[in-house]
Amino acid sequence: MTEPNRPAPPWALLAELSHGCPLHCSYCSNPVELVSRASELTTDQWAGVFRQAAGLGVVQSHLSGGEPLLRRDLTEIVAAADGAGIHTQLVTSGVGLHEKRLAALADAGLRSVQLSVQHADPTASELIAGARSFAAKERAAGLVRAADLPLGLNVVLHRANLDALDALVELALAWGAERIELANTQFYGWALRNRHALLPDRAQISRAMASVERWRERLAGRLELVWVVPDYVDGTAKPCMGGWGAVSLTVAPDGTVYPCPAAAALPGLHAPNVKNHSLEWIWHESRAFNLYRGEAWMSDPCRICDLRTKDFGGCRCQAHALTGDAARTDPACRLSPDHALVRDLVDAPRGPDPLPVGAAPPYVYRDHPEGHGAKDHGAAPGHP
């Protein structure tokens, strides 16, 4: 039993093995200040993280990044997690995955793969990603299915691909996926920097939602379809991470531990590091994990709202990004005194098409803060 006033144990761990990535996606949730490869935890340090996490109660881990395949010791890391009794899912772009390596990962205990997809059209996909990658993704999907591992697709939705939702679901079916997660962009990190180019309007969201409902009726259990709500548009604060420091923790490539992947952007958080503290101490005792737990930190209207036990006041990182104060009510909530900040963004006039043919994409690409043209980032031939 959980002691009074002591948080319940976590059950999930996001292991960000590296911020390195062959893609340069404009919506990436990684921090704008990326952790260098030289600062990454070693194999043994990651093994220690998984042992401690299992001791805390963690049973599920996403092995993510950046691109976890850039870690030459990924097989050893998977084996360490599996040896600790933690179920592992690889979250990957698919770039660099080949049959021999996938077989080694499966032998080490990898249980499933989540493949990122930017668009169903190869050219549009590569313009969004800022790199040649579509053929590698298709090949990776085939390898995962041939290895008889569960395959999920993860699509971050935004202005340039929401109207391709039907084609994306058809792609998931064609590639043999068991699950597709349609996650509307959350505006942190690089996505916040590119919000002007990524944010859809209400009509586009309405069309996409209608399409999701049609597909759910048609699929009848053939494909699990998950729709992550566009909280900017629907006026409902999302229950971020099931509550701050409630069910999950994130370990960054350098060992810094956060209550959620976006929390690196919060000033004054003073997030602890596994090199200096145990995960048990971090989870139970650290200021970073206790700062927004429960309800004591809340102000009105959250403090008196019946939704506070469901949305937990919304997202702290989003509140900070929009208002400069992480303790304010998430402006995505229609009850927030700051909701006009979001409403005005959503209702603002839109510019030209998000991916105009023959023109440079309107993005600041991840890892290339000064570059807007995909030609600098390995995009498909024939595109600037």
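A salt bridge here means a side-chain nitrogen of Lys or Arg within 4 Å of a carboxyl oxygen of Asp or Glu. Searching the whole structure with that rule turns up 15 salt bridges. The model is predicted, so local features need pLDDT of at least 70 and side-chain atom pairs count only at pLDDT 80 or more, while totals for chains, interfaces and linings use all residues. Residues are numbered from 1 along each chain as its sequence is written, and side-chain values use heavy atoms, with hydrogens and water left out.

**View 1. Arg-207 pairs with Asp-163 in a salt bridge.** The closest N and O atoms of this pair sit 3.1 Å apart. Arg-207 is in helix H9 (residues 202–219), and Asp-163 is in the loop between strand S5 (151–157) and helix H6 (165–174), so the salt bridge ties together parts that are 44 residues apart in sequence. Helices (H or I, at least four residues) and strands (E, at least two) are DSSP runs, numbered from the N terminus. Arg-207 is partly exposed at 45% relative accessible area, whereas Asp-163 comes out as exposed at 53%. For the cut-offs, buried is under 20% relative accessible area, exposed is over 50%, and partly exposed is in between (1.4 Å probe, protein chains only).

**View 2. Glu-213 and Arg-216 form a salt bridge within helix H9.** These two side chains meet at 3.3 Å, N to O. They are three residues apart, about one turn of the helix. Both ends are partly exposed: Glu-213 has 42% relative accessibility, and Arg-216 has 37%.

**View 3. Glu-181 makes a salt bridge with Arg-179.** Here the closest N and O atoms are 3.3 Å apart. Glu-181 counts as buried, at 19% relative accessibility, while Arg-179 counts as partly exposed, at 27%.

**View 4. Asn-154 in strand S5 has Glu-181 among its contacts.** Asn-154 is buried, with 16% relative accessibility. Setting aside neighbours within four places in sequence, Asn-154 is in contact (heavy atoms within 4.5 Å) with Gln-114, Leu-115, Ser-116 and Val-117, as well as Glu-181 and Ala-183. Glu-181 is the residue that pairs with Arg-179 in View 3.

**View 5. Four charged residues are linked in a salt-bridge network.** The members are Arg-37, Glu-40, Arg-71 and Asp-73. As a general point, side chains of opposite charge can pair when their charged atoms come close.
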